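Colleague: I would like to go through the labels on this model one by one. Please set each value against its rule.

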Amino acid sequence: MARILGIETSCDETAAAVVDDARQILASVVLSQVPVHRLYGGVVPELASREHLRGIVPVVRQALEEAGGERGPVPLSALDAVAVTRGPGLAGALLVGLTFAKAVALAAHKPLIGVNHLEGHLHAVLLEERRNGRPDPPLPAVALVVSGGHTQLYRVDRRGDQFTYRLLGQTRDDAAGEAYDKVAKLLGLGYPGGPLLDRLATAGDAAAVDFGRVRLKGNPLDFSFSGLKTAVRRNLQSHPDLQAAVVARREAVATLGHAPSADDWRRLCDQATLDLIASFQAAVVTDLTQRTLAAVDQGSAAKTPVASAFVTGGVAANSALRRTLQTEMERQGLGFFAPAPALCTDNAAMIAAAAFPRFQRREWADGALTASAQLPLAETA
Ligand code: KG4
Ligand code: ZN
């Protein structure tokens, strides 16, 4: 058995988890920095590093306490390894988790394992199945990793206990989550935009605005979301009533005296704004689904055809995306797998789970392990 402490600080969540055998989550603590970054409508790297520094000790302590339950905190001596995200992400943010993980590993005489954040998101899919007592999804899989920082399609396979990842396509500009966040900002709505727009979209007419399909030259499995964001801006500019609603909403929020609740946001949106939101979401979901289907199609011609489809990352928490992908993949006769929403967004349980195969191979990081803001996943395959 391997009990691994996972630590994740790549972006704006300070997270720690204790996971046994990439299967059982004893504790998963996530401290969100949203209240700090909300004022700026996006993550401010400098502030993120400071908040990680503030949060890392209490978050790790809480994870060890929760993991021990009534028996008291899990002592460091009871851990088998410490796993930490080494990239990709914000360099200063990554360094906080890395430095802390090194110190814990050194003090407790435990091996240290460096994990790629994207590999973490992919292993969240496997962790979800295992923790529910289900077998691993059949491989190879086509996996859509879609978050605030990434929109990528991978082919995931396995040789023995070694996982392999091949990048099939990726966004050429904004990530899908970034598009959600930017559109929410344009509309005078809160941060992060994804969960909010997801909820508001259910009250709008998705057919109200036709944003068309994104056409790209070259790799059909690449993505582009900046054009859609611009189309939303143009739509606003050509509708003075919508623009006036944005101004009114910003003023109403400023006089509210507290952070708006979901109900407040719903009340502050007129029907035309809700229709625009629903149409935007439909465009994103259709694009992500069509390109995932194209990847499956391409993969089906390979010697070992695709056996399942995964979706993971913050945007994989989106209810419409999950529903649409599930329907479409089942229509293709493929198993569809997605982590529970809490495992889709950044967390440290996925980092501890992704470290497990490396633990089995005794692939320890040395003392020189450092952060790599642009770390590609293929390098760690
Ligand atoms: O994976 P994550 O926590 O952090 C990154 O690695 O980026 O993803 C955060 C992103 C944000 O852009 C957020 O707006 C988006 O995921 N997100 C959603 C939903 N929940 C989070 N987007 C659409 N629908 C959601 N329900
Ligand atoms: Zn992430």
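Modeller: Ligand 1 is surrounded by 19 residues, the closest being Gly148, Asp181, Asp198, Asn318 and Asp346. This is a predicted model, where local features need pLDDT of at least 70, side-chain atom pairs count only at pLDDT 80 or more, and totals for chains, interfaces and linings use all residues. Residues are numbered from 1 along each chain as its sequence is written, chains are lettered from A and ligands numbered from 1 in the order written, and side-chain values use heavy atoms, without hydrogens and water.

Colleague: What makes a residue near a molecule?

Modeller: One of its heavy atoms must lie within 4 Å of the molecule.

Colleague: Why is the approach of aspartate 198 to a nitrogen atom of ligand 1 called a polar contact?

Modeller: The rule asks for a pair of N or O atoms within 3.5 Å; within protein, one must be able to donate a hydrogen and the other to accept it, and residues adjacent in sequence count only if both atoms are side-chain atoms. An N or O atom in the side chain of aspartate 198 is 2.9 Å from that nitrogen, so the pair qualifies. Aspartate 346 uses a backbone N or O atom, 3.0 Å from an oxygen atom of ligand 1. A polar side-chain atom of serine 147 lies 3.4 Å from a ligand oxygen.

Colleague: How much of the ligand 1 area does the protein cover?

Modeller: It covers 90% of the 550 Å² that ligand 1 has accessible on its own. The areas come from the Shrake-Rupley method with a 1.4 Å probe; for residues, only the protein chains shown count as cover.

Colleague: Why is the pair of phenylalanine 310 and phenylalanine 337 called edge-to-face?

Modeller: Rings of Phe, Tyr and Trp (its six-membered ring) pair if their centres lie within 6.5 Å; planes under 30 degrees apart are stacked, over 60 edge-to-face, the rest tilted. Here the centres are 6.1 Å apart and the planes 85° apart, so both tests are met. The structure holds four aromatic pairs.

Colleague: What does the pair of phenylalanine 310 and phenylalanine 337 tie together?

Modeller: Phenylalanine 310 lies in strand β9 (residues 308–312) and phenylalanine 337 in strand β10 (residues 335–337), so parts 27 residues apart in sequence are joined.

Colleague: How do the residues of the shell around ligand 1 divide?

Modeller: Five are nonpolar, ten polar and four charged. Ala, Val, Leu, Ile, Met, Phe, Trp, Tyr, Cys and Pro count as nonpolar, Asp, Glu, Lys and Arg as charged, and the others, Gly among them, as polar.

Notes
Helix = DSSP H or I, 4+ residues; strand = E, 2+ residues; numbered from the N terminus.
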